[in-house]
Amino acid sequence: MSKKVRVGVIGAGSWAIAMHIPILLARDDVDLVSVCSRQEDAISHLKNELNIKHVTEDHKEVINKELDAIVVASPPSLHFEHAKDALESGANVLCEKPFTLTPDDAWFLDSYAKKNNRSLLIAFGWNYKDFTIEAKSLMEENGIGEIQHSMVQMATGIRSLLKTTSAFSSPDSTIMPDHNTWTNPRVSGGGYAQAQLSHAAGALYWLAPELKIDKVFSLMNFENSQVDLNNSISIQYENGSTGVVSGACSPDGANYGSSDEWSPRHQLVIRIYGSEGQLILDFERDFFWFYRSDGVEIKKQCPGGGLYECDGPANTLVDLTLNKKVENRSPAEVGAKTVELISTAYKSVESKKLESI
């Protein structure tokens, strides 16, 4: 493809304006043709500050522009509809997390994209960091034997956002996030598990694709909020291994090494234990440790390695559309596994029982 990639964005709120749109505008091989948003301040910003010619409140107008690639960053409850329409239009698609709200919808989109030779990516930024890519390579080349246990612990300072106690700062303070998108469970699908743990689970299931969820038991704390603020999820996988995924909505500014309200420095640790070794990734402290019982060991600090950045997914969407030889490191099947985990965790909280997939 020698021409510019024609791209559209559906759901240009605070995050898309701070992350995806600047990446697209910075590329000489991209023509950002159309953007859809329903936020008045966002629409004004897109037209007047970013000089985007076609801004609409109707996502169908974006779909009808005969685009090569589309970014879906609308509220979670609309992801399935918007991603499906985008794929059916013939475009490659990058969908924000959480991918969808139900596993059936997620697996449908994954299947449709594969059958129709479309690229479908989920916005899991950590999967594109050198820090994580090295770990993935070691898992593929050396392995740690059969996985027997995995642990994920994550905390993020977004309490004001999920409790709607005050305005929440974002990477770009020009446009404030719409609280309804984050705290209305009919729109967001839930709270901390959807907003943040989906990131961590997306990294885990990319690092260890052999993990297939069988059963889930979960406890959550809502603290008089409409959505969950803290999560404790226990998992049994089909191979008999166990797993724990823990999430905490910490106070604003509670980011290691930073006192800012918003920071790319998250508290996240992923540990995977196998019959022949282990992998530990501490994104908070940029620490990496791969160990095998036969003597293979890599232990090092990776300054800045664990910082959250989300330029990888958008750039990969464009590169794949240009037929460049790049890897989709956040495929839809990984996104579908995160949807299975989180939706079943919510089901377990409601039933107070161990739930099967």
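Tutor: Before we start, a residue counts as buried when its relative accessible area is under 20%. Keep in mind too that this is a predicted model.

Student: Okay, how many of the seven residues of β2 are buried?
Tutor: β2 spans residues 30–36. The strand is largely enclosed by the rest of the structure, because the buried count among its seven residues is six.

Student: Which strands pair with β2, and in what sense?
Tutor: With β1, β2 shares six bridges, and the two run parallel. With β3 (residues 54–56), β2 shares three bridges, again in the parallel sense. So the partners to remember, by the pairing just described, are β1 and β3.

Student: What are the bridge partners of Arg6 and Ser34?
Tutor: Take Arg6 and look across into β2: there you land on Asp31. For Ser34, look into β3 instead, and the partner is His54.

Student: Which helix sits in the β-α-β unit with β2 and β3?
Tutor: The unit is right-handed and takes in both strands. Its helix covers residues 40–49 and is α3.

Student: Which element gives the largest share of the lining of the second largest pocket?
Tutor: That pocket has a volume of about 190 Å³, and its lining includes Leu24, Asn51 and His54. α2 (20–26) and β2 each supply at least two lining residues. The largest share is four residues, and it comes from β2.

Student: Moving to β4, which way do its residues point, and are they buried or exposed?
Tutor: Strand β4 covers residues 69–72, with Ala69 and Val71 pointing one way. Ile70 and Val72 point the other way, and for all of them the answer is buried.

Student: Which residues stand opposite Val72 and Ala69?
Tutor: β4 pairs parallel with β1 (residues 5–10) over four bridges, and another four bridges join β4 to β5 (residues 92–95), also parallel. Opposite Val72 you find Ile10. Opposite Ala69, in β5, you find Asn92.

Student: What is the handedness of the unit made by β4, α5 and β5?
Tutor: Here the helix α5 covers residues 79–88. Together with β4 and β5 it makes a β-α-β unit that is right-handed.

Student: Now the nine-strand sheet: which strands stand at its edges?
Tutor: The sheet is open with mixed pairing, in the order β14-β13-β12-β11-β7-β10-β9-β8-β15. Two strands have a single partner each, so one side of each is left without a neighbour in the sheet; they are β14 (297–301) and β15 (355–356).

Student: What is the bridge partner of Tyr273 in β12?
Tutor: β11 and β12 (residues 277–282) are joined by five bridges and run antiparallel. Across in β12, Tyr273 meets Gln278.

Student: Which side chain makes a polar contact with the side chain of Tyr237?
Tutor: Tyr237 is in strand β9 (residues 230–237) and is buried, with a relative accessible area of 1%. Beyond its sequence neighbours, Tyr237 is in contact with residues including Leu204, Tyr205 and Ile213. The polar contact, at 2.8 Å, is with Tyr205.

Student: What separates the C-alpha atoms of Tyr237 and Lys53?
Tutor: The two residues are 184 residues apart along the chain. In space, their C-alpha atoms are separated by 49 Å.

Student: Last one: which backbone nitrogen does the side chain of Ser250 reach?
Tutor: Ser250 is in the loop between β10 (242–249) and β11 (267–274), and it counts as buried because its relative accessible area is 10%. Its contacts include Thr156, Ile158 and Gln267. At 3.3 Å, the side chain of Ser250 reaches the backbone nitrogen of Gly157.

Methods:
Residues are numbered from 1 along each chain as its sequence is written. This is a predicted model: local features need pLDDT of at least 70, side-chain atom pairs count only at pLDDT 80 or more; totals for chains, interfaces and linings use all residues. Side-chain values use heavy atoms; hydrogens and water are left out. Buried means under 20% relative accessible area, exposed over 50%, partly exposed in between (1.4 Å probe, protein chains only). A polar contact is a pair of N or O atoms within 3.5 Å; within protein, one must be able to donate a hydrogen and the other to accept it, and residues adjacent in sequence count only if both atoms are side-chain atoms. Contact means heavy atoms within 4.5 Å. Two strands pair if DSSP finds at least two bridges between them. A crossover is right-handed if, with the strands pointing away from the viewer, the path from the first strand over the helix to the second runs clockwise. On a 1 Å grid over the protein atoms alone, a cavity is a set of points where a 1.4 Å probe fits but cannot get out, and a pocket is an open set with protein on both sides within 12 Å along at least five of seven lines; lining residues have an atom within 4 Å of a point. Grid points are joined across faces, edges and corners, and a volume is the space filled by probe spheres set on the points. Lists of a residue's contacts leave out its neighbours within four places in sequence.
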